[in-house]
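User: Could you take a close look at the salt bridges in this one for me? I'd like to know which residues pair up and where they sit.

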Amino acid sequence: MTAPFPPIRGGPRAEYRPLKPEDGKKAVELVREALPFFRAGEPITHPDHIDVPVLYMNFGIDRIHYNGKAKMPRPKGAPPHGSATTDPKEAREVIERVLKEARVLDAAEFREPEDCWIIPVAWKSFIILHVRVSREGEELIPDYGLTEEVRRYGTL
């Protein structure tokens, strides 16, 4: 099964449609099938940290904040600290290894403003990615801002 991308969406739909647990389960399974194909992109260096974009079919899915001192990712929600003096090549290699060890959690959060499911991906005890999936649980939704940022800096 492939995980096609939908076109860029407008705002949420106006009509009420009830959420179904089956759709959340389908979203979790879709991310589980796609996870082996996620790869680390070229790190994006900021003045105080490094972000490593996670790509699927050359679209950005989410970014992982890299902790250069500990040589591991930071959990979601933990603001990046430190310096960007870490070697970007090392950051990418570490995140590639982390993605091979990552697992999809068996849960889904729904975000009404975005009209999509958020599926958490964990490494060890850290949630490191939030993957967006369509309301029906059938399509991955890229992080279009991240995709544009990656393309702007010519790292694809």
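Analyst: Here's a walk through the salt bridges, with a quick stop at the core afterwards. Keep in mind that this is a predicted model. Searching the whole structure turns up 14 salt bridges.

Let's start with Lys26 and Glu138, whose closest N and O atoms are 3.2 Å apart. This pair links distant parts of the chain: Lys26 is in helix α1, while Glu138 is in the loop between β9 and β10, 112 residues apart. Both ends are partly exposed, Lys26 with a relative accessible area of 36% and Glu138 with 42%.

Next up is Glu42 with Arg92, where the closest N and O atoms are 2.3 Å apart. Glu42 lies in the loop between β1 and β2 and Arg92 in helix α2, so the bridge ties together parts 50 residues apart in sequence. Glu42 is partly exposed at 33%, and Arg92 is partly exposed at 25%.

Then there's Asp62 and Lys76, which meet at 2.9 Å, N to O. Asp62 is in strand β4 and Lys76 in the loop between β5 and α2, 14 residues apart. Here Asp62 counts as buried, at 6% relative accessibility, whereas Lys76 is partly exposed at 26%.

There's also a network of salt bridges linking Lys25, Glu29, Arg32 and Asp106.

Now for the core. The largest nonpolar core has 32 residues, with Phe38, Leu129 and Leu140 making the most contacts inside it. Helices α1 and α2 are among the elements that each supply at least two of its residues, and so is strand β4.

How values were computed. Residues are numbered from 1 along each chain as its sequence is written. This is a predicted model: local features need pLDDT of at least 70, side-chain atom pairs count only at pLDDT 80 or more; totals for chains, interfaces and linings use all residues. Side-chain values use heavy atoms; hydrogens and water are left out. A nonpolar core is a set of buried Ala, Val, Leu, Ile, Met, Phe, Trp, Tyr and Cys residues joined through side-chain atoms within 4.5 Å. Buried means under 20% relative accessible area, exposed over 50%, partly exposed in between (1.4 Å probe, protein chains only). Helices (H or I, at least four residues) and strands (E, at least two) are DSSP runs, numbered from the N terminus. A salt bridge is a side-chain nitrogen of Lys or Arg within 4 Å of a carboxyl oxygen of Asp or Glu.
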